Amino acid sequence: MKKYEYFEATADIGLRAYGNDMNEAFENAGLAIFNIISDTSLIIPERKIEFEVASEDDVSLLYDFLEELLFYHETEFMLFSRFDVEIDDDFHLKAVIHGEEIDWDRHERKTEIKAITFHKMAVKKANRVEVQAIVDL
């Protein structure tokens, strides 16, 4: 099973992440975000940051989670390569994200993400979970 894929979006990039449950789909969305920014295989998960978010529905929870990832990327000057997510039935998410400080001499510099958008954001639950987001480059 693939973890994520990208799709064309005018001047932006879209992503679809998959999982056997919401936790795994959100974890794979985090991985997809940071593979836009850099090569996550080169990011050592030596430091962790924990956070929680609560929202009113699945789509808002996805947006809030991805926004938090960008917040910690920008404020802590870090890249992340491992994401541990626990979501409960009340749209409450606990996350532990693992990464290291940015070192552009060692990390591949790909594309800067300016923002997460609500445009075409979706969470689909069936046999597998699929989440979709578009990021502003």
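In which strand is the place of Gly99? In this predicted model, select residues 92-101, which form strand E5, and Gly99 will be found within that stretch. With Gly99 highlighted, turn on a surface representation: its relative accessibility is 0%, and because buried means under 20%, Gly99 counts as buried.

Next, display the residues that Gly99 touches, leaving aside those up to four places away in sequence: one run comprises Ile43, Ile44, Pro45, Glu46 and Arg47, and another comprises Met78, Leu79, Phe80 and Ser81. For a distance reading from the same starting point, pick the C-alpha atoms of Gly99 and Glu86, which lie 13 residues apart along the chain and are separated by 18 Å.

Now move to the open sheet of four strands, whose order is E1-E2-E7-E6 and whose pairing is antiparallel. Selecting residues 4-9 for strand E1 and 115-125 for strand E6 brings up the edges, where each strand has a single partner, so one side of each is left without a neighbour in the sheet. Neighbouring strands of this sheet are turned by 20° against each other on average, with direction ignored.

Within the sheet, select residues 12-19 and 129-136, that is, strands E2 and E7, which pair in the antiparallel sense over eight bridges; to examine one position in detail, pick Tyr18 together with Glu130, its bridge partner in E7.

Finally, add the helices. Helix H1, residues 22-37, lies across E1, E2, E6 and E7 and runs at about 145° to E2, while helix H2, residues 58-76, lies across E6 and E7 and runs at about 135° to E6.

How values were computed
Residues are numbered from 1 along each chain as its sequence is written. This is a predicted model: local features need pLDDT of at least 70, side-chain atom pairs count only at pLDDT 80 or more; totals for chains, interfaces and linings use all residues. Side-chain values use heavy atoms; hydrogens and water are left out. Helices (H or I, at least four residues) and strands (E, at least two) are DSSP runs, numbered from the N terminus. Buried means under 20% relative accessible area, exposed over 50%, partly exposed in between (1.4 Å probe, protein chains only). Contact means heavy atoms within 4.5 Å. Two strands pair if DSSP finds at least two bridges between them. Axes are lines fitted to C-alpha atoms, for helices over the stretch in contact, and angles run from 0 to 180 degrees between N-to-C directions.
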